[in-house]
Each structure stands twice: as structure tokens, then as C-alpha cells.
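Colleague: Got a minute for this model? I'd like to go through a pocket and some helix packing.

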Amino acid sequence: MTETTGTRSGPTEAGRESAVPAPSGAPGVATPTTPPVSAAARRSGVRPAAVGLPLLGAVIALIVWWLVTSVLELVHPASLPPPQAVWNSLTASADVLLPALGVTTLLTLVGFLLSAVAGVLIGMALAASRRVERMFAPLLVAVNAVPKIALGPLLVVSVGWGEKPILTMVFLLCFFPIVLSTATGLTTTPADLAELARSLNASWWQAFRKVRFPAALPQVFVGLKVAMPLAAIGAVIGEFYSDKPGLGYQILQYNGIGDTATAWAAIVLIALMSILLYSALSLVERLALPWVRATTSAR
């Protein structure tokens with residue numbers, strides 16, 4: 001009886017000992033750990049900084065602008081008015097500048113979309129054939145090297161007044177970085193993905209649709225983000241030589257009558273428009289390519 005009782009009490013004592021929480025540093029004992037923070041939680045923690053830091057940078061820029069123009073008076077107000085004068089002119093001429101902002105934004109978006117479609121197609125053609133690349137790549141470099149502002153009067157003579165010279169100017173400024181990034185992305189497919197497609201006996205179209213083009217999308221978006229501010233520049237330059245009442249047209253008009261504060265207000269609106277369009281494109285990239293942030297190092 002005694003041996004039987006001792007045998008039964010052994011597991012009971014062991015169970016009691018196992019119920020006692022072991023020290024966290026005890027070897028060979030599995031201790032509960034804090035679950036890792038998810039990627040969504042990390043992203044949600046970055047959101048305030050993503051909004052607050054740009055605002056802080058804008059405030060610092062305004063303070064420097066105010067110090068240079070109002071306190072230190074390093075620049076004449078006729079060249080660079082102080083921020084309060086620009087703000088007063090913006091509010092006073094809002095009925096003119098805000099419709100002009102809509103015109104410039106629409107032309108910027110239309111020209112950017114046209115250059116994006118054409119640039120991706122041309123980049124795909126260059127990446128598909130080395131002979132095509134050798135034939136036309138020098139011509140593309142030559143067209144991109146031409147000073148676009150020198151083409152303004154010629155575009156008016158060639159395509160007439162209205163929206164055509166503006167859209168042409170936007171296209172000429174935007175298409176080259178999109179072509180270059182698309183061709184680069186399609187010709188630098190990771191070797192392991194290309195080998196995987198070959199091992200599965202995928203056709204050219206299947207490999208392009210499933211492997212090469214998705215792998216090139218990060219590079220394509222790099223070109224698109226480079227081209228987006230250039231589209232705004234092209235729209236403004238085109239409006240210098242057009243009768244469309246956009247912000248570029250208003251800059252010339254107000255500068256011609258010596259109202260530099262309102263002209264600078266139009267320039268500020270162009271800058272804000274470019275920031276918003278670039279941010280929208282970055283959001284589209286994040287939504288369309290969710291795997292990029294998951295497979296690259298966080299920063």
C-alpha cells in the first residue's frame with residue numbers, strides 16, 4: 001500500500017511544480033512572450049508623424065520666408081513679398097485664382113495620364129527588343145534634352161491655341177522618366193522569379209503578366225512619381241503660350257501689372273497642387289503594391 005501511494009503522489013507533486021510559474025530566465029522552460037506588433041499597428045503608429053512632420057516643415061519654411069522678407073529684409077518685396085502679403089492677395093483674388101487652379105489641375109492630370117500610358121507602352125517596346133532599344137533610345141534622349149521652354153512658341157504655331165500646346169508640353173516633360181523606369185523595371189526581373197517562370201513552362205505572355213510586369217511595377221511608380229511634378233511644370237509653361245486662363249496665365253498677367261504678391265500666390269497654389277497630386281499618387285502606389293512595403297526594409 002505504501003508503494004502504491006508513493007507512486008500516485010509523484011505525478012501530483014510534479015503537476016503542482018509545473019503549475020508554479022517558472023522564472024523568465026529558466027533554461028528549457030517555455031515562457032509566454034509578448035506577441036509581435038503587426039504591420040498594421042506599426043503603420044498606424046506612423047500616421048501622425050506622416051502628417052505632422054510635413055506640417056512642421058511647412059511651418060519652418062514659412063518662418064524662414066517671414067524672417068528673410070519681413071525681419072531681416074534681405075530680399076526686396078517686389079521680388080519676393082512677405083507671406084502675409086501673399087496671403088492677403090490670395091484671399092482678395094480667390095475668385096480668379098481658384099478657377100485657374102481647377103484649369104491647371106485638369107490639364108496637369110490629363111497630360112500626365114497621356115504621358116503615363118504612352119511612356120509605359122514605349123518602355124515595354126524598348127524592353128521587349130534590344131534592336132528597338134538601340135534604334136530609338138538615342139532619339140528619346142535627344143528629345144528629352146531639348147529645352148522645353150524653347151518649344152513653347154513653336155508649339156503654338158504647330159498645334160494652335162488652346163489645350164493642345166499645354167498637353168504637348170506636359171507630355172514632353174513627363175514621358176522620358178516613365179519610359180526609362182518602365183524599361184529598367186522590365187529588364188531587371190529578379191533571377192529567381194524568372195527561373196521559376198521557366199521551370200513552370202510559362203509562355204511569354206504568362207511570364208510577362210504574372211512575373212515581369214508585377215516585378216517592374218515598383219520601378220514604374222518611381223518614374224510616375226518623378227513625372228508628376230514635371231507635369232505641373234509643363235502645364236504652367238504651356239499656359240505661358242496659351243489663352244487658357246490657368247495659373248501660368250495668371251502669373252504672367254499679374255506680373256505684367258506689377259502685382260507680384262498675387263503672382264506669388266498663384267505660385268504657392270501650384271506648389272500645393274503638386275504636393276497633393278504627388279501624395280495621391282503615393283497613396284495609389286501603396287494600395288496597388290501592398291507587397292513592396294512588406295518585402296523591403298522599413299524606414
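Colleague: How much space lies in the second largest pocket?

Modeller: About 200 Å³. A pocket here is an open set of points on a 1 Å grid over the protein atoms alone, where a 1.4 Å probe fits, with protein on both sides within 12 Å along at least five of seven lines. The model is predicted, so local features need pLDDT of at least 70 and side-chain atom pairs pLDDT 80 or more, while totals for chains, interfaces and linings use all residues. Numbering runs from 1 along each chain, and side-chain values use heavy atoms, without hydrogens or water.

Colleague: Which element gives the most to the lining?

Modeller: α9, with four residues. Both α8 (191-199) and α9 (204-240) give two or more. Lining residues, with an atom within 4 Å of a point, include L186, W204 and R212.

Colleague: What is the class split there?

Modeller: Seven nonpolar, three polar and two charged.

Colleague: And how do α8 and α9 cross?

Modeller: At roughly 180°, with axes coming within 10 Å. That makes α8 roughly antiparallel to α9 (over 145 degrees).

Colleague: Which residues meet?

Modeller: L193, A194 and A197 in α8 meet A207, V211 and A215 in α9; contact means heavy atoms within 4.5 Å. The split is six nonpolar, no polar and no charged.

Colleague: Switching to α6 and α7. At what angle do they pack?

Modeller: About 130°, axes 9 Å apart, for α6 (residues 152-159) and α7 (residues 164-186). That makes α6 oblique to α7, a class for angles outside under 35, 65 to 115 and over 145 degrees.

Colleague: Which residues make that contact?

Modeller: G152, L155 and V159 of α6, with K164, P165, T168 and M169 of α7. Four are nonpolar, two polar and one charged.

Notes:
Grid points are joined across faces, edges and corners, and a volume is the space filled by probe spheres set on the points. Ala, Val, Leu, Ile, Met, Phe, Trp, Tyr, Cys and Pro count as nonpolar, Asp, Glu, Lys and Arg as charged, and the others, Gly among them, as polar. Axes are lines fitted to C-alpha atoms, for helices over the stretch in contact, and angles run from 0 to 180 degrees between N-to-C directions.
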